[in-house]
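Subject: Structure for your review

Dear colleague,

Please find below the structure that I am handing over to you. My findings follow directly after it.

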Amino acid sequence: MISETAIIEISVNRLIYNYKFFQKLNKKIATAATIKANAYGLGDKEVFKILYKNGCRNFFVATVREGIELRYKYKKGNIYILNGIENNKINIFKTHNLIPIINNLEEARLIINKKIYYGLHIDTGINRLGFNINEINNIIIKNDYLKLVMSHLASSDDYKNNYNHLQNKKFKYLIKKINRKRVIYTLSNSHGSLISKDFLFNMIRPGIGIYGGHNNSKIKKYIKPVIKLKAKILQIKK
């Protein structure tokens, strides 16, 4: 039998504490949880269960496979697929009650008129995934099955970076263009949620911050580390 020489200890209480910190930023909006990549290595199924019990109803994962595996275990809660359709059959989203985040016109053409709820990812400046604002048309944004519109900040961990405000301005322009009150609008991740209340809209989607991760001193003041790595001392030499 092979015995482990190191273990990772995960604090459920601190996980809950961090999630509730983000909830308290504005109790009138939704606080989603990003649990892609197996909840950053902590176990997506376990984290889903814990956070759902503490009021989380919206979860973001990267791939369809992640979403299906979660849905086999949990029937409740909204599960958004950040990578979009991924060349899968459209019906897989309806079968497993998953919500794809559409990133381009090709995906939009596949899903429009399929009576499947979807989200839109708009690129306001990170230049990764998402539509260009000029590509958005009424067929996409006036569809009854449009559930969510999102973008992503490129420099959210640098609070003094004016680029955050430029992206926020573009996102506000987009909201005005879409003009749909029942659609969810979300821009901020963990760090972005702390820039100012002007960045919260009606949903935030913290990820690494829930697990105690951070990249600046401001957020460090408010969240707690969730994991500890413990190992045996194999030898001490004098």
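Ala39 has a relative accessibility of 0%, which is under the 20% limit, and therefore counts as buried. Please note that the model is a predicted one. Ala39 belongs to helix α2, which spans residues 36-40. Its phi is near 55 degrees, a positive value in a residue other than glycine. Tyr40 lies in helix α2 as well, and this residue, although not a glycine, also has a positive phi, of about 60 degrees. With a relative accessible area of 33%, Tyr40 is partly exposed.

Helix α3 comprises residues 44-53, and its buried residues include Asp44, Val47, Phe48, Ile50 and Leu51. Among the elements that cover the buried residues of α3 are α1, β3 (33-34), α2, β4, α4 and β5. Just after α3, Gly55 takes a positive phi of about 100 degrees.

Two of the covering elements, β4 and β5, are also strand partners. Strand β4 (residues 58-61) pairs with strand β5 (residues 78-81) in the parallel sense, over 4 bridges. Within this pairing, Asn58 has Asn78 in β5 as its bridge partner. Together with helix α4 (residues 64-73), β4 and β5 make a right-handed β-α-β unit. Strand β5 is in turn joined by 2 bridges to strand β6 (residues 99-102), and these strands run parallel. Here Ile81 has Pro100 in β6 as its bridge partner.

I turn next to the aromatic residues. A pair of aromatic rings is described by the distance of the centres and the angle of the planes. A search of the whole structure finds 9 aromatic pairs. In one of them, the rings of Phe21 and Tyr222 have their centres 5.2 Å apart and their planes at 10 degrees; the pair counts as stacked because this angle is under 30 degrees. This pair links distant parts of the chain, since Phe21 is in helix α1 (residues 12-23), whereas Tyr222 is in the loop between α9 (217-220) and β11 (227-231), 201 residues apart. Phe21, at 15% relative accessibility, counts as buried, whereas Tyr222 is partly exposed, with a relative accessible area of 36%.

Tyr40, already mentioned for its positive phi, forms a tilted aromatic pair with Tyr211, at 4.9 Å centre to centre and 35 degrees between the planes. This pair too links distant parts of the chain: Tyr40 is in helix α2 and Tyr211 is in the loop between β10 (203-204) and α9, 171 residues apart. Tyr211 has a relative accessibility of 6% and counts as buried, while its partner Tyr40 is partly exposed.

Ring pairs also link Phe48, Tyr52, Phe59 and Tyr74 into a cluster. Of these residues, Phe48 has already appeared among the buried residues of helix α3.

Finally, which tyrosine rings have the charged end of Lys147 or Lys224 over them? The charged end of Lys147 sits over the ring of Tyr117, at 5.5 Å from its centre. The charged end of Lys224 sits over the ring of Tyr17, at 4.2 Å from its centre.

Yours sincerely

Note on methods: Residues are numbered from 1 along each chain as its sequence is written. This is a predicted model: local features need pLDDT of at least 70, side-chain atom pairs count only at pLDDT 80 or more; totals for chains, interfaces and linings use all residues. Side-chain values use heavy atoms; hydrogens and water are left out. Buried means under 20% relative accessible area, exposed over 50%, partly exposed in between (1.4 Å probe, protein chains only). Two strands pair if DSSP finds at least two bridges between them. A crossover is right-handed if, with the strands pointing away from the viewer, the path from the first strand over the helix to the second runs clockwise. Rings of Phe, Tyr and Trp (its six-membered ring) pair if their centres lie within 6.5 Å; planes under 30 degrees apart count as stacked, over 60 as edge-to-face and the rest as tilted. A charge sits over a ring if NZ of Lys or CZ of Arg is within 6 Å of the ring centre and within 35 degrees of the ring normal. Contact means heavy atoms within 4.5 Å.
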